[in-house]
Amino acid sequence: MLPVRGLFFGILIAAFSLPGVCWAQQAEPAKPAAREAPQKPAQQGMGGIAGGLGAAAVYDEQKRPITAGGFVDSGPVVFEDITRKAGLSGWIHKMGVPEKSFIVETNGSGVCLIDYDNDGWPDIYLVNGSTFKALDGKEETPHAALFHNNHDGTFTDVTAKAGVQNDRWGYGCSVADYDNDGWPDLYVGNYGKNRLYHNNHDGTFTDKAETAGVTLGNWSPGSAWGDYDGDGLLDLYVTGYVHFDRDNLPIAGTKAVGYANCVYRGATVNCGPRGLKGEADHLFHNNGDGTFTDVTVKAGVEDKDNYYGFTAIFMDINGDGKPDLVVGNDSEPNFLYINKGDGTFDDQSYVSGFALNKDGREIASMGIAAGDYENSGLIDFFVTDFGDDYKVLYHNDGDASFSDLSYKAGIAQTTIPFVGWGDGFVDYDNDSWLDLFMVNGHVYPEVDQHDWGTTWSERPLLFHNVPETAGKGRRFDYIPPVKGTGLAVVIPARGAAFGDLFNDGRIDVIINPIDGAPTLLRNVNPDKHHWVEMQLVGAGKTAKSPGSPRDATCATVYLKANGTRMRQDVLASGSYISANDRRLHFGLGDAAEAGTAEIHWPSGAKEMVKLPAMDRIYTITEGQGITAALCGGAPCAAEPAK
């Protein structure tokens with residue numbers, strides 16, 4: 001996660017430039033540019049910008065680093081930590097040794113919300129890491145966990161029964177019904193071979209990755225699903241990170257790192273990713289028979305320079321009804337591929353403004369939140385980054401062009417001290433405007449041994465979407481953490497997923513930290529606003545059309561209610577190598593009616609559906625309208641005749 005790219009002279013240098021460098025930096029030969037990049041200003045010294053000076057440390061009144069402090073005695077209580085009460089505290093994430101000697105031990109894992117048994121209640125899948133000893137059979141293998149939602153605020157571990165332990169070194173996951181059988185499947189990215197867990201419809205899964213041809217084999221953290229060619233079948237994109245070779249470990253002072261030293265603020269740390277060989281990304285075409293074909297080069301999404309890829313998302317960015325693709329790269333320019341509609345993509349990473357931040361610098365892109373925070377009908381992105389650097393809000397200006405409005409929107413300054421990972425645009429108070437949540441945690445345990453104004457464990461950040469004065473657009477207000485509440489939880493967070501886990505119309509957060517128990521934050525905000533949610537079901541293949549995928553991945557819904565037109569998209573991935581609740585959630589504020597949904601199906605069909613009542617979870621099937629509804633988690637009684 002090294003935001004500053006360019007030529008570095010000499011040995012590995014301290015990663016503390018302003019606006020900030022993430023991972024320990026290493027001298028490396030310049031790569032040939034596969035894409036035409038804008039000219040960048042010359043670097044100031046060996047650390048990048050500002051001659052190697054870090055951002056000023058921020059402390060609270062008790063002299064604690066702001067990353068683990070800044071608590072207030074009173075204020076709005078938005079989230080409550082119910083981890084233990086929900087039955088989740090017994091499972092422990094583990095990734096390498098506590099010292100984090102190698103980069104493979106630092107990144108942590110994602111978390112996916114998946115209603116695996118189709119009972120209308122989201123279940124939780126937590127990816128786990130591993131250790132070298134476990135890979136060698138010298139100690140017990142850490143297992144992933146599938147927690148079944150018991151409908152009463154608690155969860156039960158059903159991992160062994162479901163067969164999704166993934167006894168490999170896990171990183172990310174994504175959720176999609178790749179074979180259109182009406183049941184969600186699960187893809188897990190690993191260091192080592194990946195998994196494609198096919199849902200057997202009986203509470204169990206079978207790993208089909210080998211026969212499907214999507215195992216890969218070194219380090220593939222992220223994945224995304226979308227029907228890029230319009231044949232009604234979901235295709236798979238997998239990101240590659242670092243090529244990690246256990247026979248040639250990246251140890252400071254060895255040939256593997258060019259005999260360089262790996263330091264952060266003068267302290268010796270693990271090496272990478274800068275200077276280490278990367279892994280390429282892959283696009284797999286769904287053949288419709290349970291197998292996939294690698295079409296990366298043919299489709300025009302070849303990662304020629306083997307950038308360090310993390311999170312990827314398929315979604316319609318330019319409004320033409322075809323799924324485009326965004327990829328967050330660590331320490332390298334981000335990718336934005338526009339779907340040309342002929343089975344290929346146009347690389348618009350630089351011309352769109354998404355590749356770099358406003359200063360023309362790469363950032364350490366970990367998590368990607370996608371959402372229409374201005375209710376303009378256009379999708380914006382918020383991308384998390386390393387500490388000593390602000391996190392970037394990419395505002396969609398239309399025509400797939402983006403501007404970095406991080407400072408104007410009021411987000412940048414507060415986020416600088418934090419190392420950000422999972423993130424999401426969520427309307428936590430159901431006022432019809434998307435707010436912003438991000439989880440944080442450092443990558444170097446060594447920071448707790450020094451007075452650097454930062455910590456290994458960090459608290460989350462919540463920003464409330466508010467109108468800006470003088471007609472300059474919307475901005476975000478920071479919500480201080482009240483002592484003893486969910487926003488005051490201090491953990492080394494990594495993956496995060498967002499969804500209505502209790503079917504009460506409020507968005508909750510499940511966090512997968514590194515080396516610890518998960519954290520479940522229940523939304524307890526006291527607002528009385530109305531809401532509505534939608535589960536979309538595609539029609540599938542028909543005689544006249546390939547149809548939409550059954551799970552409607554990449555569908556877009558515009559809901560007009562309470563004088564506001566809001567947008568939500570059905571996504572299979574997001575946050576930091578995670579997957580959110582696939583149901584679309586709309587806050588309605590003080591609306592008197594639920595409004596009308598304008599649904600843009602992946603097949604190209606458009607449908608208008610009048611919603612009869614608020615505070616409901618509707619199932620809407622393509623071409624049939626509303627086919628089911630939940631009230632308080634149970635089937636609704638018949639609506640009274642009007």
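**View 1. Trp 225 and Leu 236 meet across two strands.** In this predicted model, Trp 225 has Leu 236 of β11 as its bridge partner. Their meeting place belongs to an antiparallel pairing, in which 4 bridges join strand β10 (residues 223-226) to β11. Follow Leu 236 to its other neighbour and you find Phe 284 of β14 standing opposite. Strand β14 (residues 282-286) is also antiparallel to β11, and the two are held in register by 3 bridges. Is β11 covered on one face or both? Both faces of this strand, residues 235-238, are covered. Asp 235 and Tyr 237 are buried on one side, while Leu 236 and Val 238 are buried on the other.

**View 2. Val 489 sits in a loop, yet is buried.** Look for this residue in the loop between β27 (474-478) and β28. Val 489 has a relative accessible area of 14%, and it counts as buried because that value is under 20%. Which residues touch Val 489, leaving aside those up to four places away in sequence? They are Asp 81, Glu 458, Arg 459, Pro 460, Thr 519 and Leu 521. Take Leu 521 as an example: 32 residues separate it from Val 489 in sequence, and the C-alpha atoms of the pair are 9.4 Å apart.

**View 3. The largest nonpolar core gathers 52 residues.** If you would like landmarks, start with Phe 79, Val 104, Trp 219 and Phe 437, the members that touch the most other members. Several strands each supply at least two residues of this core, among them β6 (169-176), β16 (308-315) and β24 (420-426). Also on that list are β25 (435-440), β28 (493-499) and β29 (508-513). Which strand gives the most to this core? That is β28, with 3 residues. A second core, separate from this one, has 24 residues, including Val 532, Ala 594, Ile 599 and Met 614.

**View 4. Stepping back, the protein has 6 helices and 39 strands.** The radius of gyration is 23 Å, close to the 26 Å that the globule rule gives for 642 residues, so the protein is as compact as a globular protein of that length. Along the principal axes, the C-alpha atoms fill a box of roughly 75 × 55 × 50 Å. Of the 642 residues, 63% count as buried. Among contacts between residues at least 6 apart in sequence, 62% join residues at least 24 apart. The accessible surface comes to about 22000 Å², and 51% of that belongs to carbon and sulfur atoms.

Notes. Residues are numbered from 1 along each chain as its sequence is written. This is a predicted model: local features need pLDDT of at least 70, side-chain atom pairs count only at pLDDT 80 or more; totals for chains, interfaces and linings use all residues. Side-chain values use heavy atoms; hydrogens and water are left out. A nonpolar core is a set of buried Ala, Val, Leu, Ile, Met, Phe, Trp, Tyr and Cys residues joined through side-chain atoms within 4.5 Å. Buried means under 20% relative accessible area, exposed over 50%, partly exposed in between (1.4 Å probe, protein chains only). Two strands pair if DSSP finds at least two bridges between them. Contact means heavy atoms within 4.5 Å. The radius of gyration is taken over C-alpha atoms; the globule rule is 2.2 Å times the number of residues to the power 0.38. Accessible areas come from the Shrake-Rupley method with a 1.4 Å probe; for residues, only the protein chains shown count as cover.
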